[in-house]
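Please consider the structure shown below, and follow its interior from enclosed space to packed core, and then outward to its loops.

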Amino acid sequence: MSIPFLKGHGTENDFVIVPDPDNALDLTPAAVAALCDRRAGIGADGVLHVVRSAAHPEAKGMAADAEWFMDYRNGDGSIAEMCGNGVRVFARYLQHAGHVTEGDLTVATRGGVKTVHIAKDGDVTVGMGTARLPEGDVTVRVGDRTWPARNVNMGNPHAVAFVEDLADAGDLYTPPPFSPPSAYPEGVNVEFVVDRGPRHVAMRVHERGSGETRSCGTGACAVAVAAARRDGADPSATGAPATYTVDVPGGRLVITERPDGAIEMTGPAVIVATGEIDADWLGNAVR
């Protein structure tokens with residue numbers, strides 16, 4: 001037996017895509033981790049489990065608003081609320097499979113229903129919702145150096161630290177320590193950011209459950225929001241949208257925050273391969 005899969009990426013944040021409309025597969029954390037293993041598996045930052053919303057217990061309540069549910073898993077098998085690059089690739093898969101065409105669609109996620117626009121030029125724009133800015137001071141640490149960080153929640157938690165050089169982030173193999181522990185009881189995505197020019201920044205990120213990745217969509221949104229607040233460009237106060245270009249190791253994303261708080265992310269999404277997972281291999285891999 002075999003299980004169909006695809007491989008895709010958004011600014012080199014890469015995913016194994018597993019179509020499973022009826023939610024018939026038991027994708028255990030061990031199975032996801034095996035698929036994402038870059039040496040013994042297919043290799044990816046995470047898995048996009050494609051399920052009809054009506055068929056998934058966590059998404060049934062969103063089925064009236066979005067036909068498809070992105071059951072996203074981190075590379076270590078843990079469940080995540082949202083993945084901005086993942087939503088773009090998820091939408092590209094739906095287009096690739098003939099479920100949708102260019103234009104507007106909706107995708108259900110654990111972070112709520114997201115609006116998506118597939119443009120003729122190939123870019124995909126995702127409505128990322130609004131940011132929450134929890135109160136309280138947060139710091140992150142690499143080695144013996146610490147930096148203040150902005151706490152930004154994009155449906156998942158982020159700590160955004162502005163540094164002099166992206167090398168200050170270290171190797172990002174392990175999660176950078178943060179304080180206080182109460183700020184992020186379930187862990188956090190940590191972004192290290194430098195300025196490149198007016199409303200133009202670059203970042204590196206440690207994604208919770210995946211390590212350093214080539215891109216993080218929700219992280220880019222968190223970085224844009226943190227940079228706007230630092231720069232005095234709060235759209236709710238100025239009445240004007242704030243657009244930031246965010247360079248990630250895998251490419252470039254454009255983030256716009258509107259006066260009503262709505263955040264949009266635009267960037268590429270690519271399907272690079274299709275194939276089949278050997279069911280026996282997967283079964284043996286998780287034993």
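About 60 Å³ of space lies within the largest cavity of this predicted model. The structure holds one cavity of 30 Å³ or more. The residues that line the largest cavity are Tyr72, Asn74, Ala80, Met82, Cys83, Asn156, Asn189, Glu207, Arg208 and Thr218. Sorted by class, this lining comprises four nonpolar, four polar and two charged residues.

The largest pocket offers another kind of space, with a volume of about 270 Å³. Of the 13 residues that line this pocket, Cys36, Asp37, Arg38, Ala44 and Ser210 are the closest to its centre. Two elements, α1 (29–36) and β14 (211–213), each give two or more residues to the lining of the pocket. Its lining divides into three nonpolar, four polar and six charged residues.

Helix α1 also has a buried side. Within α1, the residues Ala31, Val32, Ala34, Leu35 and Cys36 are buried. The buried residues of α1 pack against the strands β2 (13–19), β3 (46–52), β4 (68–74) and β18 (270–278), and against helix α5 (279–285). Cys36 is therefore a residue with two roles in this description: Cys36 is buried in α1 because its relative accessible area falls under 20%, and Cys36 is also among the residues closest to the centre of the largest pocket.

The nonpolar interior comes next. In soluble globular proteins, nonpolar side chains tend to be buried together. In this model the largest nonpolar core has 52 residues, of which Met70, Met203 and Ile255 touch the most other members. Helix α3 (residues 217–230) supplies the largest share of this core, namely nine residues. Apart from this core lies another, of 17 residues, which includes Trp147, Leu166, Val188 and Ala202.

What does Met203 contact, leaving aside its neighbours within four places in sequence? Its partners are Leu166, Glu191, Phe192, Val193, Cys216, Gly219, Ala220, Val223, Val246, Asp247, Val248 and Pro249. One of these partners, Leu166, is a member of the core of 17 residues.

Ala226 lies in helix α3. Is this residue buried or exposed? Ala226 counts as buried because its relative accessibility is 3%. Beyond its neighbours within four places in sequence, Ala226 is in contact with Arg150, Val152, Val160 and Phe162. The C-alpha atoms of Ala226 and Ala131 are separated by 9.8 Å, although these residues stand 95 places apart along the chain.

The cysteines deserve separate attention. A disulfide is a covalent bond between the sulfur atoms of two cysteines. How many disulfides does the structure hold? The count is zero. For Cys83, the closest cysteine sulfur is that of Cys216, at 6.6 Å, and so the two sulfurs are too far apart for a bond. Cys83 is nevertheless buried, with a relative accessible area of 5%, and Cys83 is one of the residues lining the largest cavity. Cys221 is likewise in no disulfide, and the nearest cysteine sulfur, again that of Cys216, is 8.7 Å away. Cys221 counts as buried because its relative accessibility is 0%.

Several loops carry backbone features of note. The peptide bond from Ser179 to Pro180 is cis, with omega near 0°. Pro180 is found in the loop between β11 (178–179) and β12 (189–197). Asn23 has a positive phi of about 60° although it is not a glycine. Asn23 is placed in the loop between β2 and α1, and counts as partly exposed because its relative accessibility is 23%. Arg199, also not a glycine, has a positive phi of about 50°. Arg199 belongs to the loop between β12 and β13 (200–207) and is partly exposed, with a relative accessible area of 38%.

Asp168 closes the tour. The loop between β10 (157–162) and β11 contains this residue. Is Asp168 buried or exposed? Its relative accessibility is 15%, and so Asp168 counts as buried. Not counting residues up to four places away in sequence, Asp168 touches Val142, Arg145, Trp147 and Val163. Trp147, one of these partners, belongs to the core of 17 residues. The C-alpha atoms of Asp168 and Val107, which are 61 residues apart along the chain, are separated by 36 Å.

Note on methods. Residues numbered from 1 in each chain as written. Predicted model: local features only at pLDDT ≥ 70, side-chain atom pairs only at ≥ 80, totals over all residues. Heavy atoms only, no water. 1 Å grid on protein atoms, 1.4 Å probe; cavity = no way out; pocket = protein on both sides within 12 Å on 5 of 7 lines; lining within 4 Å. Points joined across faces, edges and corners; volume = space filled by probe spheres on them. Nonpolar A, V, L, I, M, F, W, Y, C, P; charged D, E, K, R; others polar. Core = buried A, V, L, I, M, F, W, Y, C linked by side-chain atoms within 4.5 Å. Buried < 20%, exposed > 50% of the residue type's maximum accessible area, 1.4 Å probe, protein only. Helix = DSSP H or I, 4+ residues; strand = E, 2+ residues; numbered from the N terminus. Contact = heavy atoms within 4.5 Å. Disulfide = S-S within 2.5 Å.
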